[in-house]
Amino acid sequence: LRKNVEDFTGPRERSDLGFVTFDITADILDAKKCMVFFLTCIHLQSIFDWNVKQLFLYLSAEYSTKNNALNQVVLWDKIMLRGDNPRLSLKDMKSKYFFFDDGNGLKGNRNITLTLSWNVVPNAGILPLVTGSGHVSVPFPDTYETTKSY
Amino acid sequence: RALRWGRGLCWPRSGGVRGGAAMDLFGDLRRMNKRQLYYQVLNFAMIVSSALMIWKGLIVVTGSESPIVVVLSGSMEPAFHRGDLLFLTNFHDDPIRAGEIVVFKVEGRDIPIVHRVIKVHEKGNGNIKFLTKGDNNEVDDRGLYKEGQNWLEKKDVVGRARGFLPYVGMVTIIMNDYPKFKYALLAVMGAYVLLKRES
């Protein structure tokens with residue numbers, strides 16, 4: 001689903017605005033369990049050890065356009081504190097942030113890759129950024145939507 | 001230190017019983033001959049120089065003009081709170097990617113801001129422009145940038161947060177908010193180093 005709308009949060013030209021809905025199912029706790037991301041099973045080590053204060057999870061869309069060789073847009077994020085339910089089962093989520101492109105590169109773009117990553121925030125120490133090894137490709141249609149509301 | 005009696009007037013000329021303890025300290029200083037005094041001063045200068053060299057060394061090794069920063073606001077809670085210490089690197093070849101925590105300076109302001117990168121647009125030639133947002137803020141940082149500025153560039157970056165220690169930076173904040181505390185601390189440190197005698 002894609003519209004071409006004036007980007008009212010940024011520069012004053014018309015840019016492509018994309019709408020993506022997604023499901024996230026994740027179990028970020030046990031080494032034996034899997035993180036399932038659109039039916040791709042990824043094994044995770046137990047992340048929440050004694051030195052982990054929280055995880056900052058985010059879903060980012062990565063793609064290439066004529067204007068820019070690499071684009072990354074964070075669509076959704078969540079803070080998961082130690083002690084929170086590590087199982088995520090989110091269905092039909094709408095992106096938290098507007099998916100504006102820098103220009104008009106979403107039209108007809110067949111290869112938008114969505115990946116789930118997280119930033120481990122320790123009680124003290126190194127701040128690693130980890131990317132989940134699964135990813136999903138989303139193609140955008142060749143035409144703009146003008147009427148449907150999100 | 002004899003008390004001299006003038007014509008009916010009597011007050012101590014030098015020292016006397018009341019100023020005994022203070023006189024001992026200054027007597028100590030006077031007894032320290034010039035050579036010892038210079039030695040103490042050199043010792044002090046060496047300590048200051050070593051500290052500065054370690055700081056400059058860190059700047060070189062990390063590539064960042066300010067490798068250690070203190071978090072001043074709550075815009076990155078619950079990850080970072082006011083008073084936490086952040087360790088930064090700023091390697092030239094490290095690309096800026098979404099999700100990274102960067103410390104940047106807005107043109108014209110000298111207080112750096114610690115927020116997360118939420119949008120990256122990189123051209124083929126390596127030109128990057130990106131947008132940031134604090135975890136604890138509702139909106140992105142465009143309101144914090146310069147008038148008319150919509151994106152940040154590599155040149156605005158002071159460094160990327162690689163490691164962190166909680167609470168330790170509170171000392172810096174206290175010294176900033178209560179300058180008397182800072183001077184008192186410096187005075188005590190200076191006095192200790194200058195007057196300490198190596199036996």
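**Exercise 1. A salt bridge in chain B**

Which side chain meets that of B:Glu122 in a salt bridge?

Solution.
- The model is predicted, so side-chain atom pairs count only at pLDDT 80 or more.
- The partner of B:Glu122 is B:Arg97, with an N to O distance of 2.9 Å.
- Apply the cut-off: a salt bridge needs a side-chain nitrogen of Lys or Arg within 4 Å of a carboxyl oxygen of Asp or Glu. The 2.9 Å pair of B:Glu122 and B:Arg97 is a salt bridge.
- Next, place the two residues. B:Glu122 is in strand 4 of chain B, and B:Arg97 is in the loop between strand 2 and strand 3 (101-104), so the pair ties together parts 25 residues apart in sequence.
- Check burial. B:Glu122 has a relative accessible area of 15%, so it is buried. B:Arg97 stands at 22% and counts as partly exposed.
- Over all chains, the count comes to ten salt bridges.

**Exercise 2. A network of charges**

Find the residues linked with B:Lys155 in a network of salt bridges, and describe the parts.

Solution.
- The network holds B:Glu107, B:Lys146, B:Lys155 and B:Asp156.
- Take B:Lys155 and B:Glu107. Their closest N and O atoms are 3.4 Å apart.
- This pair links distant parts of the chain, 48 residues apart. B:Lys155 is in the loop between strand 6 (152-153) and strand 7 (157-165), while B:Glu107 is in the loop between strand 3 and strand 4.
- Take B:Asp156 and B:Lys155. Here too a salt bridge forms, with the closest N and O atoms 3.4 Å apart.
- Now compare surroundings. B:Lys155 is exposed, at 58% relative accessible area. B:Glu107 is partly exposed, at 41%. B:Asp156 is buried, at 6%.

**Exercise 3. A buried acid without a salt bridge**

B:Asp84 is buried yet has no salt bridge. Which side chain of opposite charge is nearest, and how far away is it?

Solution.
- Locate the residue. B:Asp84 sits in the loop between strand 1 (68-70) and strand 2 (85-89) of chain B.
- The nearest side chain of opposite charge is A:Lys53, 4.8 Å away. The cut-off for a salt bridge is 4 Å.
- Look for a polar atom instead. The backbone nitrogen of B:Tyr167 lies 2.9 Å from a polar atom of the B:Asp84 side chain.
- Beyond four places in sequence, the contacts of B:Asp84 include B:Val69, B:Val70, B:Phe164 and B:Pro166.

**Exercise 4. A lysine and its surroundings**

Is B:Lys119 buried or exposed?

Solution.
- B:Lys119 lies in strand 4 (residues 113-122) of chain B.
- Its relative accessible area is 9%, so B:Lys119 is buried.
- List the contacts beyond four places in sequence. From chain A come A:Gln72, A:Val73, A:Phe98 and A:Phe100. From chain B come B:Lys129, B:Phe130, B:Leu131 and B:Trp151.

**Exercise 5. Strand 10 of chain A**

Describe chain A, then work inward to A:Ser117 in strand 10.

Solution.
- Start with the elements. Chain A has zero helices and twelve strands.
- Of its 150 residues, 50% count as buried.
- Consider contacts between residues at least 6 apart in sequence. Of these, 62% join residues at least 24 apart.
- Move to strand 10 (residues 112-122). Ten of its eleven residues are buried.
- Its pairing with strand 6 (residues 52-63) is antiparallel, with ten bridges. Within it, A:Leu57 stands opposite A:Trp118.
- Now take A:Ser117. At 3% relative accessibility, A:Ser117 counts as buried.
- Beyond four places in sequence, A:Ser117 touches A:Phe56, A:Leu57, A:Tyr58, A:Val130, A:Thr131 and A:Gly132.
- For a distance check, use A:Leu75. A:Ser117 and A:Leu75 are 42 residues apart in sequence and 12 Å apart in space, C-alpha to C-alpha.

**Exercise 6. Annotation against model**

Set two UniProt features of chain B beside the predicted secondary structure.

Solution.
- An unreviewed UniProt entry places "transmembrane region" at residues 37-55. In the model, this span is 100% helix and 0% strand, with end C-alpha atoms 28 Å apart.
- An unreviewed UniProt annotation, "domain: Peptidase S24/S26A/S26B/S26C", covers residues 59-144. That span is 5% helix and 33% strand, and its end C-alpha atoms lie 27 Å apart.

Note on methods
Residues are numbered from 1 along each chain as its sequence is written. Chains are lettered from A and ligands numbered from 1 in the order in which they are written. This is a predicted model: local features need pLDDT of at least 70, side-chain atom pairs count only at pLDDT 80 or more; totals for chains, interfaces and linings use all residues. Side-chain values use heavy atoms; hydrogens and water are left out. Helices (H or I, at least four residues) and strands (E, at least two) are DSSP runs, numbered from the N terminus. Buried means under 20% relative accessible area, exposed over 50%, partly exposed in between (1.4 Å probe, protein chains only). Lys and Arg count as positive and Asp and Glu as negative; His and the chain ends are not counted. A polar contact is a pair of N or O atoms within 3.5 Å; within protein, one must be able to donate a hydrogen and the other to accept it, and residues adjacent in sequence count only if both atoms are side-chain atoms. Contact means heavy atoms within 4.5 Å. Two strands pair if DSSP finds at least two bridges between them. UniProt positions are given in the numbering used here, feature names are shortened, and annotations may be inferred rather than shown by experiment.
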